[in-house]
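Open the model in your viewer and switch to a cartoon view. Keep side chains ready to toggle. We will go stop by stop.

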Amino acid sequence: MRVYRKLLFIFFVFSLCSCKKEKTATGRDDSEIRSRYFQLEKIGWKSREYSQKVDDINFTATEVPIQYYILKDQGTTDLFKVDSLYEANKQERVVEFTFRQDQEKDLLSDQFTGLPYADAVKYMSFAINNDFYVVTSKNDTIPCNGVSYERNYKIAPFQKIVLFFSGIDPNEKIQLIYKDQLFRKGTLKFKFKDTFTEILL
């Protein structure tokens, strides 16, 4: 199912490359939506990546447009449906966050966390969202309301989580704050300097 969705998503992205006016099956012109999503695809969807290194660990935050996740989850080429879902969820923000050790060692080992491996996995899965929050340009503080830990079972040389935030104006610039309790590397700040709304204008 996951492979099918990836293929469908790739097909959809390639279909965006023809930005000429087209009618949908219902006769509605989706060229304006197609043009906006083509711009997001052109900048690579995940265009804003910021990294910091503390000692031998690299911390990378990437803000991803919500449309990317809607397309991944829905697996649809109905742009009006995607756009409708975006409008209903446009105050959500999604940030992918990765942790990578210089020599590609497993960061969840007790060498780095001081915890038994199973406890480090639990922390990454259920508690790490408490270590993140967002500050907007208006100085509003938004807590992380969910995390998805993409467990790689020691195959990939990094650890990755997806963070979810709600109630943020799509035009707001944000700064991600990470108070690292797991690796004890202090407070890290990742400032996203523009918004996807600005990119699409």
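Select strands 5, 4, 8 and 9, in that order: together they form an open sheet of four strands with antiparallel pairing. Strand 5 (141-143) and strand 9 (186-191) are the edges; each has a single partner strand, so one side of each lacks a neighbour in the sheet. From one strand to the next, the twist averages 25°. Keep in mind that this is a predicted model.

Zoom in on strand 4 (residues 132-136) beside strand 5. Three bridges join the two in the antiparallel sense. Which residue of strand 5 stands opposite Tyr133? Show side chains there and you will find Pro143.

Zoom out for the whole chain. Count seven helices and nine strands. Of the 201 residues, 42% are buried. Among contacts with a separation of 6 or more, 63% link residues 24 or more positions apart. Add a surface: the accessible area is about 11000 Å², and carbon and sulfur atoms hold 50% of that.

Next, select helix 6 (residues 117-127). Colour Ala120, Val121 and Met124, which are buried. Look down the helix axis: these buried residues fall within an arc of 100°, so they line one face. Now colour Lys122 and Phe126 on the other side, where both are exposed. What covers the buried residues of helix 6? The cover includes strand 3 (93-101), helix 5 (110-113), strand 6 (146-149) and strand 7 (159-165).

Move to helix 4 (residues 79-89). Its buried residues are Leu79, Phe80, Val82, Asp83 and Tyr86. Down the axis they fall within an arc of 160°, so they too line one face of the helix.

Now the interior. In soluble globular proteins, nonpolar side chains tend to be buried together. Here the largest nonpolar core has 32 residues, and Phe97, Leu176 and Phe183 have the most contacts inside it. Elements giving two or more residues to this core include strand 2 (57-64), strand 3, helix 6 and strand 8 (174-180). Strand 4 and strand 9 from the opening sheet also appear on that list.

Centre on Phe183 and show its contacts. Leaving out residues up to four places away in sequence, Phe183 touches Ile57, Phe59, Phe99, Leu107, Leu108, Phe112, Thr113, Met124 and Tyr178. One of these, Met124, is a buried residue of helix 6.

Last stop: select Tyr68, Tyr69, Leu71 and Val162. They are part of a second, separate core of ten residues.

Methods. Residues are numbered from 1 along each chain as its sequence is written. This is a predicted model: local features need pLDDT of at least 70, side-chain atom pairs count only at pLDDT 80 or more; totals for chains, interfaces and linings use all residues. Side-chain values use heavy atoms; hydrogens and water are left out. Buried means under 20% relative accessible area, exposed over 50%, partly exposed in between (1.4 Å probe, protein chains only). Contact means heavy atoms within 4.5 Å. Accessible areas come from the Shrake-Rupley method with a 1.4 Å probe; for residues, only the protein chains shown count as cover. The arc is that of the directions from the helix axis to the C-beta atoms. Two strands pair if DSSP finds at least two bridges between them. Axes are lines fitted to C-alpha atoms, for helices over the stretch in contact, and angles run from 0 to 180 degrees between N-to-C directions. A nonpolar core is a set of buried Ala, Val, Leu, Ile, Met, Phe, Trp, Tyr and Cys residues joined through side-chain atoms within 4.5 Å.
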